[in-house]
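Dear colleague,

Please find the structure below, handed over for your records. A summary of what was found in it comes after the structure itself.

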Amino acid sequence: MLYDYHVIVIGGGSAGLVTAGGAAALGAKVALIEENLMGGDCLNTGCVPSKSLLASAHLADRIRHSNSLGLEASLNPVSLKKVMTRVHNVIASIAPHDSVERFQSMGVEVIQEKGTLLDAHTVQAGNRTLSARHIVIASGSEPQVPKLEGLDEISYLTNENVFSLETLPEHLMIWGAGPIAMEIGQAFVQLGSRVSVILRGSQLFKKDEPEVSTLMKGWLAGDGIQFYYQHNITSVAREENKIRLNLENLKDHNPETVTGDAFLIALGRQPVSAGIGLEAAGVNIDNRGFVLVNEKLQTSQPNIYACGDIAGPYQFTHMAGYQAGTVVQNLFFPLKKKVNYRHVVWTTYTSPQVAHAGHTEASAKEAGLLGTVITQPFQDIDRAIIDEDRGGLLKLVLDQRKRVIGATLVCEQAGEMMPLASLAIVNKMKLSGFSKLIFAYPSKSEVFQAAALSQLKESFKPWQKKLFKKMFL
Ligand SMILES: Cc1cc2nc3c(=O)[nH]c(=O)nc-3n(C[C@H](O)[C@H](O)[C@H](O)COP(=O)(O)OP(=O)(O)OC[C@H]3O[C@@H](n4cnc5c(N)ncnc54)[C@H](O)[C@@H]3O)c2cc1C
């Protein structure tokens, strides 16, 4: 059968763009269907605006605390309008990279319509019906907004509109305590808002090592964020020009209220799988709406693949890119590649940053791989003292053969340092490998060497120490 295209990609976010660009580079005839802005969440309402906002917020914080470095700088009241103008300028600077023009120049036909699957090979896009040998679903995710009494009566924020604010809220209330909530919460508190975070549980950074929660609770509370741990929101109401949240304290079931002038819902992401014809095409989803894929990222229809947030399990731009690379290979080459999440990485860009690679202690234990755990505090690292960095830690998870299989790092620029751990994990390197490197002094990366040396010291048996003393001292 003759098809219009080799590949149709639905969604022009991180996953769809990498898939379409990669397939076109191999010479395939590709159609990319995007109903909204090219670049998806990451460019327009996710990574890029949030990190741009944090850049201003972290600097504001440094200025306020300049006396710790012997300076006496002071900060005028922040104009959120100016900060957000810069945020949107950053988006505009990066946008050409994801633009229709760039992808057309790469040989991709970009169709700016909503795409709906009609069957396993056919997609409706506006008034056009297109067919392809392969289809890739990269429709992404959207903010999860639960049913809540009174929500229809107020205007609330999600990541889709928070970057359009022009006036700094006097009191921003945030529902949820995941990475998005923590980054935006810290950004606003550092810019000068009062910030309250309401969460059902009592742990922050739940996907990271438990030590991270303890550390970050202290830093974020120190910044001024007020946490309502173990609280639920039962209803919301408008109160003059404010928003009132009615809470239930889950410990004693007593009612409480918090009033503020802005309310951000950051309770996680849900896949965009409704209304795109998955059923008509025979593509199965799980009970939360994620498209089910095998290790080769094929859906229940082997010619249809899915990647990025719609497929999970990790909702990050770099994981979308990694999966898309795997899909491109599997679309054309007979030898199919399987995804391997052994060295998954992520970073939350708060101050200090929280970066992770590979296993946590708990996941290594569950996988039966856990050997030793090394925890190296940051306060002894000279560079951290020199820079007045917020304290942190390095936690390394080793297997039974002392190979590095996981790392968590809490410090400024942790995300930039994490590839060192990734390299160790990918190459199945032993912890002692770090002691063979020469680290320029003073650098924060020395924490890896310190961890290796402290383990080396620990590993000497008493008789070895005695023998050494006798022979050489
Ligand atoms: C506030 C925030 C901060 C974040 N920060 C980071 C970060 O620092 N680092 C990181 O790695 N990740 C971050 N993420 C996550 C990251 O943005 C996502 O993992 C990434 O965007 C997923 O890419 P995707 O292509 O799967 O989906 P998306 O970016 O959601 O793209 C999907 C695209 O498909 C389109 N679409 C959907 N249905 C159809 C249809 N039927 N027809 C046509 N088009 C359709 C949508 O319009 C959208 O453009 C952040 C997310 C948020 C919300």
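The notes that follow cover the nonpolar cores, two strand arrangements and one pocket.

This is a predicted model, in which local features need pLDDT of at least 70 and side-chain atom pairs count only at pLDDT 80 or more, while totals for chains, interfaces and linings use all residues. Residues are numbered from 1 along each chain as its sequence is written, and side-chain values use heavy atoms, with hydrogens and water left out.

The largest nonpolar core (buried Ala, Val, Leu, Ile, Met, Phe, Trp, Tyr and Cys residues joined through side-chain atoms within 4.5 Å; buried means under 20% relative accessible area with a 1.4 Å probe, protein chains only) has 41 residues. Those with the most contacts inside this core are L53, M182, F188 and V197. At least two core residues come from each of α3 (47-64), α4 (80-94), β8 (171-175), α6 (179-191), β9 (194-198), α7 (210-223) and β14 (262-265); helices (H or I, at least four residues) and strands (E, at least two) are DSSP runs numbered from the N terminus. The most is given by α6, with seven residues. Leaving aside neighbours within four places in sequence, M182 is in contact (heavy atoms within 4.5 Å) with G176, A177, V197, L204, F205, L220, F227 and T350. Another core, of 26 residues, lies apart from the largest one and includes A355, F378, L431 and F448.

Strands β8, β9 and β14 also belong to an open sheet of four strands, in the order β10-β9-β8-β14 with parallel pairing (two strands pair if DSSP finds at least two bridges between them). Because β10 (226-228) and β14 stand at the edges with a single partner strand each, one side of each is left without a neighbour in the sheet. Four bridges join β8 to β14, and W175 stands opposite I265 in β14.

Elsewhere, β19 (residues 373-377) has a covered face, I374 and Q376, and an uncovered one, V373, T375 and P377. Five bridges join β19 to β20 (residues 393-398), and the two run antiparallel. I374 stands opposite L396 in β20.

Helix α3 returns in the second largest pocket, where its six residues are the largest share of the lining. Of the 22 lining residues (with an atom within 4 Å of a pocket point), H58, R62, S351, E412 and Q413 are the closest to the centre of this pocket.

Yours sincerely

Methods:
Buried < 20%, exposed > 50% of the residue type's maximum accessible area, 1.4 Å probe, protein only. 1 Å grid on protein atoms, 1.4 Å probe; cavity = no way out; pocket = protein on both sides within 12 Å on 5 of 7 lines; lining within 4 Å.
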